[in-house]
Every structure is written in C-alpha cells, then in structure tokens.
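Hi,

Here is the structure I said I would pass on. Have a look at it first, and my notes follow below.

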Amino acid sequence: MKPISKTLLLNLNESYHICCDNWKIHSDRDSYINVREAGFLLKDRLPVLVSHSDIGWKGMEPFQKYDQRYLEADYSLPGILAHDVKNPYNKKYRMVDGGHRMAKMVAETDIKQSYYYILAKAEFYQLLQDIR
C-alpha cells in the first residue's frame, strides 16, 4: 500500500466524525473531528492491515445500508482509525472515517480485515473540536 494519495485527500470533503450520544468523548459536551484535517496529518503514512473485529464503528448499530453514501462507498479505499480511543464497543480502534465502506463490506463480502490509516490517541485528541 502507498501513503494517502492526493486524490484521496481531495475526496475527503469537509466531512466530520461526530462524537455525541454513546460515541461522546467528553461526558459534558459533544465534539467532532474534521476528517480532511486527519487525512492531511496522515498523508505520509502507510495504511495498516487491521482485523474488523478490532474496530468499533457506528455502523455496528442498526444501519441504513441503501442510502446514497452506502451505494457509492468504495471499500478499496482505506479508512481512518484512532488507536486506543474510547468507543462504545471497547474495541482497540475507533473508526473516524469509513463507516459506509465498512457497512458495505460486511453486508456484501466475506472480507474480515482491510487497510486503514491509524491516528495515535494523542493525534485524535489534538484534532478534536468542541461543537458550539
């Protein structure tokens, strides 16, 4: 695998990883991460092969799999995970980007592991912004 390509970075629109409800990081406030900023932070790194059983992702909950983002999901593109960051499933990784891709893989394939760019816990918290 290669580091994040310029094309992938440009495709990381202004999307956000929202941290609220049972995905909340701080008990007293909601927060978010700008996924594109995370992509720029990871741009010189290689993706790592990760078992899906080690990932906590929002699609593990009931998921509407036939929305437009699901239909357009290209699971050949690596997602973004944060290592050792709180998630409601107590998994080793928290998914920051790639929920629709993961949902499509689970629903339509037998793939059990795939490549992800990994944010360290400190990097995740560095990117975290409060929702005002």
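The accessible surface of the chain comes to about 7600 Å², and carbon and sulfur atoms account for 49% of that. Bear in mind that this is a predicted model, so everything here is computed from predicted coordinates. Of the 132 residues in the chain, 40% are buried.

One bit of that surface is a nonpolar patch formed by Y16, I18 and I131, with about 250 Å² of accessible area together. I18 sits in strand 1 and counts as partly exposed, because its relative accessible area is 32%.

On to the fold. The chain has five helices and eight strands, and from the N terminus the elements go α-β-β-α-β-β-α-β-β-α-β-α-β. If you look at contacts with a separation of 6 or more, 77% of them are between residues 24 or more positions apart.

Strand 1 (residues 16-19) is a nice one to click through, as its side chains alternate. H17 and C19 point to one face and are buried, whereas Y16 and I18 point to the other face and are not. Those last two are the ones you just met in the nonpolar patch. Strand 1 pairs with strand 2 (residues 31-34) in the antiparallel sense, over four bridges. Which residue in strand 2 is the bridge partner of H17? That is I33.

Then there is an open sheet of five strands, with the order 3-7-5-6-4 and mixed pairing. Strand 3 (48-51) and strand 4 (55-56) are at its edges with a single partner strand each, so each has one side left without a neighbour in the sheet. As a reminder, strands of a sheet pair through backbone hydrogen bonds, either parallel or antiparallel. Strand 4 and strand 6 (residues 93-97) go for the parallel sense, over two bridges; in strand 6, R94 is the bridge partner of G56. Helix 4 (residues 99-108) lies across strand 4, strand 5 (79-83), strand 6 and strand 7 (113-119), and runs at about 110° to strand 6.

Now the charges. Side chains of opposite charge can pair when their charged atoms come close. The count here comes to six salt bridges, and these are the ones I would look at:

- D97 and R101 meet at 2.5 Å, N to O. Are these two buried or exposed? D97 is buried, and so is R101.
- K24 and D30 form a salt bridge with their closest N and O atoms 3.2 Å apart. K24 is partly exposed, because its relative accessibility is 22%, and D30 is partly exposed too, with a relative accessible area of 29%.
- D44 and K43 meet at 3.4 Å, N to O. D44 counts as exposed because its relative accessibility is 63%, while K43 is partly exposed, at 36%.
- D28, R29 and D130 are linked in a network of salt bridges.

If you only open a few views, I would go for the buried pair of D97 and R101, the patch of Y16, I18 and I131, and helix 4 where it lies across strands 4, 5, 6 and 7.

Shout if anything is unclear.

Cheers

Technical notes: Residues are numbered from 1 along each chain as its sequence is written. This is a predicted model: local features need pLDDT of at least 70, side-chain atom pairs count only at pLDDT 80 or more; totals for chains, interfaces and linings use all residues. Side-chain values use heavy atoms; hydrogens and water are left out. Buried means under 20% relative accessible area, exposed over 50%, partly exposed in between (1.4 Å probe, protein chains only). Contact means heavy atoms within 4.5 Å. Accessible areas come from the Shrake-Rupley method with a 1.4 Å probe; for residues, only the protein chains shown count as cover. A salt bridge is a side-chain nitrogen of Lys or Arg within 4 Å of a carboxyl oxygen of Asp or Glu. Two strands pair if DSSP finds at least two bridges between them. Patches are made of residues with over 30% relative accessible area and no salt bridge: like charges are joined within 9 Å, nonpolar side chains (Val, Leu, Ile, Met, Phe, Trp, Tyr) within 5 Å. Axes are lines fitted to C-alpha atoms, for helices over the stretch in contact, and angles run from 0 to 180 degrees between N-to-C directions.
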